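Me: Please go through this model with me. I want to know what stands behind each term.

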Amino acid sequence: LFAPCTVVWLGGMGVDIHDFSDLPSEIEQLGGPAARYVMVNAPEMQLSMDPANPLRAWYDLPGRNLIDYEDEEGIRMSARRISRLIDSITARGMPRQRIFLAGFSQGGSMALFTGLREELSIAGIISLSGYLPLAGRIADEIRPGGLATPVFMGNSDFDEIVPIPVAQQSLQAISHAGAAVSWRDYPTELFRSERRSAPRHRALHAPCPGGKALIRAPGSDSA
């Protein structure tokens, strides 16, 4: 059956897409839009923090914190891979204006980094528990497609991996670069309890292009 839109979901560091295997059915049960989901694992790689135990990751974390020293080569290599995936989806007949690029943790970070640098716009960029890598470069590197694509960022109000100040610095950098970005923080218990999936449900609970909104956040009519 034809799906009116596609959601490219990027997995996070150290997790597998099977952790989100219930996402499509849960969104459908909540009345979300019909969509084709392309669930993408990060590749396995050796990380500076623990080289003896390879993990799934989109890039290395060689610094003392997320933004102390960034793996620019790895970030850009993964962005090229994701951009090629978007191109392959459009080549199979899905218009770019009906493709959402979304992800969790490092996957959300790569959704922001890649989507904002696309020459042509897509339906939306969704980052949950993520931040913008190389945030200081975005004002110079944002492309027309990124400027024309709505962005949603959702983070826990206490995130041990991506601290709120880091995520909010990314929010400010994206906004100052000229992109339309909305933000929502969620109580930490939503991420730690059996209801931890609630934020991703609500962030993705939006009609495909042609409906009332592209990306809807809880408590708002549209993003």
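**Helix H2 and Glu-118**

Reply: Buried residues of H2 are Gly-74, Ile-75, Ser-78, Ala-79, Ile-82, Ser-83, Ile-86 and Ile-89. Buried means under 20% relative accessible area, exposed over 50%, and partly exposed in between, with a 1.4 Å probe and protein chains only. This is a predicted model, in which local features need pLDDT of at least 70 and side-chain atom pairs pLDDT 80 or more, while totals for chains, interfaces and linings use all residues. Numbering runs from 1 along each chain as its sequence is written, and side-chain values use heavy atoms, without hydrogens and water.

Me: Why are the buried residues of H2 said to line one face of the helix?

Reply: Seen down the axis, they fall within an arc of 170 degrees, so they line one face. The arc is taken from the directions from the helix axis to the C-beta atoms. Turned away from that side are the exposed residues Glu-73, Arg-84 and Ala-91.

Me: Why is Glu-118 called buried or exposed?

Reply: Glu-118 has 7% relative accessibility, so it counts as buried. Glu-118 lies in the loop between H3 and strand S6 (124–128); helices (H or I, at least four residues) and strands (E, at least two) are DSSP runs numbered from the N terminus.

Me: What makes a polar contact with the side chain of Glu-118?

Reply: The side chain of Arg-96 does, at 2.6 Å. A polar contact is a pair of N or O atoms within 3.5 Å; within protein, one must be able to donate a hydrogen and the other to accept it, and residues adjacent in sequence count only if both atoms are side-chain atoms.
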